[in-house]
Amino acid sequence: TGESFEDLCVDCPQLKELDLSGSKVTDEGLVAMLNKIGNNLKTLNLSDTNISGENFDEVNVDLSKIDKLSIKNCKNITCESLVMILKSLGGEVKETDMEGTKCSHLHPMSKSHRPTKGLNMMSVLADVLD
């Protein structure tokens, strides 16, 4: 849940990788964690969670160091919330795994079982608006 995960992050300001795959983290808990420890993260794995990404506009720290994002099998993430996530991450992520999401069609490589390279907010936004 949100509060228990948030409590774990009090003494982790230098954390570089956050793997919450398969956990019961909530959107609110994720935002609270990112606001505490997100400044130095390079990898964020949210695979197989129920997050929607809708609260990412409440993240108030710089997440632009994150260059690897996995949202594999996150069924609640929409293309619109992906735009919000990418905006919070500075607009571009070098490696993304979106397989099994409502947005997996946005990049040709995402249909394979390999992570997508070079996903950026502008290409996602263009596809969302089409």
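**Exercise 1. Find which residues L30 touches, leaving aside residues up to four places away in sequence, and place L30 in the nonpolar core.**

Solution. In this predicted model, L30 touches L20, V25, L46, I51 and F56 once residues up to four places away in sequence are left out of the count. The next step is to look at the core itself: the largest nonpolar core has 29 residues, and L30 is listed with L34, L46, L63 and I71 as those with the most contacts inside it. The elements that give two or more residues to this core are α2 (27–37) and α3 (79–88), and of these α2 gives the most, with five residues. As background, nonpolar side chains in soluble globular proteins tend to be buried together.

**Exercise 2. Determine how many of the residues of α3 are buried, and name them.**

Solution. Begin with the count, which shows that α3 is mostly covered, since seven of its 10 residues are buried. The buried residues of α3 are then C79, S81, L82, V83, I85, L86 and S88. Continuing along the chain, one reaches G90 just after α3, and this glycine takes a positive phi of about 90°.

**Exercise 3. Decide how many disulfides the model contains, and examine the surroundings of C103.**

Solution. The criterion needed here is a pair of cysteine sulfur atoms within 2.5 Å, and by this rule the count comes to zero disulfides. For C103, the nearest cysteine sulfur is that of C79, which is 3.2 Å away, and C103 is accordingly in no disulfide. The last step is to check exposure: C103 is buried, with a relative accessible area of 0%, and C74 is likewise buried, with a relative accessible area of 0%.

**Exercise 4. For D48 and N73, establish the sign of phi, the location in the fold and the degree of exposure.**

Solution. It helps to recall that most residues other than glycine have a negative phi. D48 is a residue other than glycine with a positive phi, near 60°, and D48 lies in the loop between β2 (43–45) and β3 (68–70). With a relative accessible area of 44%, D48 is partly exposed, because that class covers values between 20% and 50%. The procedure is then repeated for N73, whose phi is positive and near 60° although N73 is a residue other than glycine. N73 is found in the loop between β3 and α3, and at 27% relative accessibility N73 counts as partly exposed.

Definitions and conventions
Residues numbered from 1 in each chain as written. Predicted model: local features only at pLDDT ≥ 70, side-chain atom pairs only at ≥ 80, totals over all residues. Heavy atoms only, no water. Core = buried A, V, L, I, M, F, W, Y, C linked by side-chain atoms within 4.5 Å. Buried < 20%, exposed > 50% of the residue type's maximum accessible area, 1.4 Å probe, protein only. Helix = DSSP H or I, 4+ residues; strand = E, 2+ residues; numbered from the N terminus. Contact = heavy atoms within 4.5 Å.
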